[in-house]
Amino acid sequence: MLQYSVYHEFLPILIFLIVAIAIASAMAIGGKMLSIIVGVHNPNPEKNAPFECGFAEFEDARIKFDVRFYLVAILFLVFDLEVAFMIPWGVLVRDSGAGGISWAAFIAMMIFLFILLIGFIYEWKKGALEWE
């Protein structure tokens, strides 16, 4: 008679991981072997040259970027974080029934929204919403 163990519940996961690692390894090794057997190797300076976006570099990589790119990234984070935190909070408000949520939860969300509003006003004053 077999003893029940909690490890028996994890056996399918272990088998899945072993099969996944085996398939990934076989594909990586098989692809490399196929490349060695079938691939034509005649490198030249043009093929070995570093490039980005299909054309050769034409300026120094250490040029200064316009600050508006960073402001747009901050603006994206402001709205992305707002939505990421507002959806679960909205579900909690909807599912809380007649009692509603606690005042502490409401005040915490309002403080969070106020901080995001400050970030949005900063972006607006810096002109990140006006693209030339």
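1. A residue counts as buried here when its relative accessible area is under 20%, and as exposed when that value is over 50%, with partly exposed in between. Keep that cut-off in mind for helix 4, where Met109, Leu116, Gly119 and Glu123 are buried. Part of what covers these buried residues is helix 3, residues 67–95. One caveat before going on: this is a predicted model.

2. On the overall fold, there is not much to untangle. The chain has four helices and zero strands, so along the sequence the pattern simply reads α-α-α-α. Of its 132 residues, 8% count as buried. The accessible surface comes to about 11900 Å², and carbon and sulfur atoms hold 73% of that. As for contacts with a separation of 6 or more, 66% of them are between residues 24 or more positions apart.

3. Helix 4 runs over residues 103–126, and its length checks out. With 24 residues at 1.5 Å a residue, the helix should span 34 Å, and the C-alpha atoms at its ends are 35 Å apart, which agrees. Just after helix 4 comes Gly127, with a positive phi near 85 degrees.

4. What sits on the outside of this region? A nonpolar surface patch of about 1000 Å². Its members are Trp103, Phe106, Ile107, Met110, Ile111, Phe114, Ile115, Leu117, Ile118 and Ile121. Take Ile121, which lies in helix 4: why can Ile121 be part of a patch? Patch residues need over 30% relative accessible area, and Ile121 is partly exposed at 38%, so Ile121 passes that cut-off.

5. Phe120, also in helix 4, is worth a look of its own. Is Phe120 buried or partly exposed? Its relative accessible area is 23%, and because buried means under 20%, Phe120 counts as partly exposed. Setting aside neighbours within four places in sequence, Phe120 is in contact with Leu75, Phe79 and Leu129. Leu75 is a nice example of a long-range partner: Phe120 and Leu75 are 45 residues apart in sequence, yet their C-alpha atoms are 6.9 Å apart in space.

6. Now the rings. The structure holds three aromatic pairs. One of them is Phe79 with Phe120, an edge-to-face pair with centres 5.5 Å apart and 65 degrees between the planes. This pair links distant parts of the chain, with Phe79 in helix 3 and Phe120 in helix 4, 41 residues apart. Phe79 has a relative accessibility of 39%, so Phe79 counts as partly exposed.

7. Another of the pairs is Phe85 with Phe112, again edge-to-face, at 5.2 Å centre to centre and 75 degrees between the planes. Here too distant parts of the chain are linked: Phe85 belongs to helix 3 and Phe112 to helix 4, 27 residues apart. Both rings are partly exposed, Phe85 at 45% relative accessibility and Phe112 at 22%. Phe112 misses the buried class because the limit for that class is under 20%.

8. One last thing to look at in the viewer: which residues do ring pairs link into a cluster? Phe79, Phe120 and Trp124. Phe120 therefore turns up in this cluster as well as in the contact with Leu75, and helix 3 shows up both as the home of Phe79 and as part of the cover over the buried residues of helix 4.

Definitions and conventions. Residues numbered from 1 in each chain as written. Predicted model: local features only at pLDDT ≥ 70, side-chain atom pairs only at ≥ 80, totals over all residues. Heavy atoms only, no water. Patch = residues over 30% accessible without salt bridge, like charges linked within 9 Å, V, L, I, M, F, W, Y side chains within 5 Å. Areas by Shrake-Rupley, 256 points an atom, 1.4 Å probe, with all protein chains shown as cover. Salt bridge = Lys/Arg side-chain N within 4 Å of Asp/Glu carboxyl O. Helix = DSSP H or I, 4+ residues; strand = E, 2+ residues; numbered from the N terminus. Buried < 20%, exposed > 50% of the residue type's maximum accessible area, 1.4 Å probe, protein only. Contact = heavy atoms within 4.5 Å. Expected span 1.5 Å × (residues − 1). Phe/Tyr/Trp six-rings, centres within 6.5 Å; stacked < 30°, edge-to-face > 60°.
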